[in-house]
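Okay, thanks for coming, everyone. Let me put the structure up on the screen, and then I'll walk you through it.

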Amino acid sequence: MIAATPRARAAARVLARATLTAIAATTALTLAAAPARATPFAQPKRERLTTPEDATWTVAIPGASTALAGDRVLIGAPLTDISGAANAGLATLYLRDGDAWIASSFPGQVTNQAFAAAVALTPEWRVVSAPGSALVFLIPETGDATWAAGKTVIPIGPATSFGNALALRGTSLLVGAPGSTIDVGRVLTYRYDDPSETWSYEAVFSATTPALNDNFGAAITIDGDLAAIGAPGTAPGGAVYLLSRAGPEVPWVLAPDPLLPTLQTLDEFGAAIAIEGDLMAIGAPGSVTKQGRV
């Protein structure tokens, strides 16, 4: 091997520096020409919504249920005591008015009604469940913060925990009763008929192979013609079942095989679910010794 002379080594160093400078310049030009990328998760504006004060109620755990639609927020406090009725429950609607929020509350009526244990909002309806009374209330949207007279749906068959979870999209309402038939769980579907202005029962679903403590229907979500139902008690770590249909006027069909990823025992996979387009987020709050994961 021939050793490089000092002059040759110096020339090599100069060439290397020139090459690095050229690369850096090219990179800078490329970055300058590339469009700026928005921050994936910009810091949101934080606002605190407080429940209106009233001498007849003692608010407990506001935010146990929430729903958002445009400039409206519906928040449930199902363990609120109303006029001495323990756990009667309270629903509060917040309507944005410029930089302020207008709040209007609607209370439960009887002890352990758990009014507003689950809530939903659409442009047409405010939906509030009352599992203690086995009722789901559907209140037409008024366009302001007032509460109009509404309609109710009731369970067909066992009523235990009817309304612990619900989801509404368009004219389709799904109501979960995860404690029904000793915690095996059921989900009941209803459809709104506009000409008659009535909500009618359609069908009931349960797990393909129901078992004790499945809690089928503990969480429900709808996106178009796809619905997902959580059964977080399904052994060993939870399950999510899918309902689909060919159109809004076509009955729902339950897929026989649930989503069963590899999990640890008691992960509670399916305790919370959200769908948007081709994406589905599933909560497993019991995962990794109750630290939780999605």
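I'll start with the overall picture, then go through some strands, the salt bridges and one buried acid.

A word on the ground rules: this is a predicted model, local features need pLDDT of at least 70, side-chain atom pairs count only at pLDDT 80 or more, and totals for chains, interfaces and linings use all residues. Residues are numbered from 1 along each chain as its sequence is written, and side-chain values use heavy atoms, with hydrogens and water left out.

So, the overview. The protein has three helices and 20 strands; these are DSSP runs numbered from the N terminus, helices being H or I with at least four residues and strands being E with at least two. Of its 294 residues, 39% count as buried. Buried means under 20% relative accessible area, exposed means over 50%, and partly exposed is in between, with a 1.4 Å probe and protein chains only.

Now some strands. β15, β16, β17 and β18 form an open sheet in that order, with antiparallel pairing. Two strands pair if DSSP finds at least two bridges between them. β15 (219–223) and β18 (253–254) are at the edges with a single partner strand each, so each has one side without a neighbour in the sheet. Between β15 and β16 (residues 226–231) there are five bridges, and Ile220 sits opposite Ile229 in β16.

Further along, β19 (residues 272–276) and β20 (residues 279–283) run antiparallel, also joined by five bridges. They make a hairpin with two residues between them, and Gly277 in the turn has a positive phi of about 65 degrees. Ile273 has Ile282 in β20 as its bridge partner.

On to charges. How many salt bridges does the structure hold? Six, where a salt bridge is a side-chain nitrogen of Lys or Arg within 4 Å of a carboxyl oxygen of Asp or Glu. Take Glu141 and Arg72, whose side chains meet at 2.4 Å, N to O. That pair links distant parts of the chain: Glu141 is in the loop between β9 (135–140) and β10 (151–153), Arg72 is in β3 (residues 72–77), and they are 69 residues apart. Glu141 counts as buried because its relative accessibility is 19%, and Arg72 is buried as well, at 10%. Arg126 comes in too, since a network of salt bridges links Arg72, Arg126 and Glu141.

Back at β15, Asp223 forms a salt bridge with Arg169, with the closest N and O atoms 3.3 Å apart. Arg169 is in β11 (residues 165–169), so this pair ties together parts 54 residues apart in sequence. Asp223 is buried at 18%, while Arg169 is partly exposed at 36%.

Last stop: Asp214, in the loop between β14 (198–205) and β15. Which side chain of opposite charge is nearest to this buried residue? Arg186, but that is 13 Å away, and Asp214 has no salt bridge. (For charge, Lys and Arg count as positive and Asp and Glu as negative; His and the chain ends are not counted.) What Asp214 does have is a polar contact at 3.4 Å with the side chain of Thr234. A polar contact is a pair of N or O atoms within 3.5 Å; within protein, one must be able to donate a hydrogen and the other to accept it, and residues adjacent in sequence count only if both atoms are side-chain atoms. A polar atom of the Asp214 side chain also lies 2.8 Å from the backbone nitrogen of Ala211.
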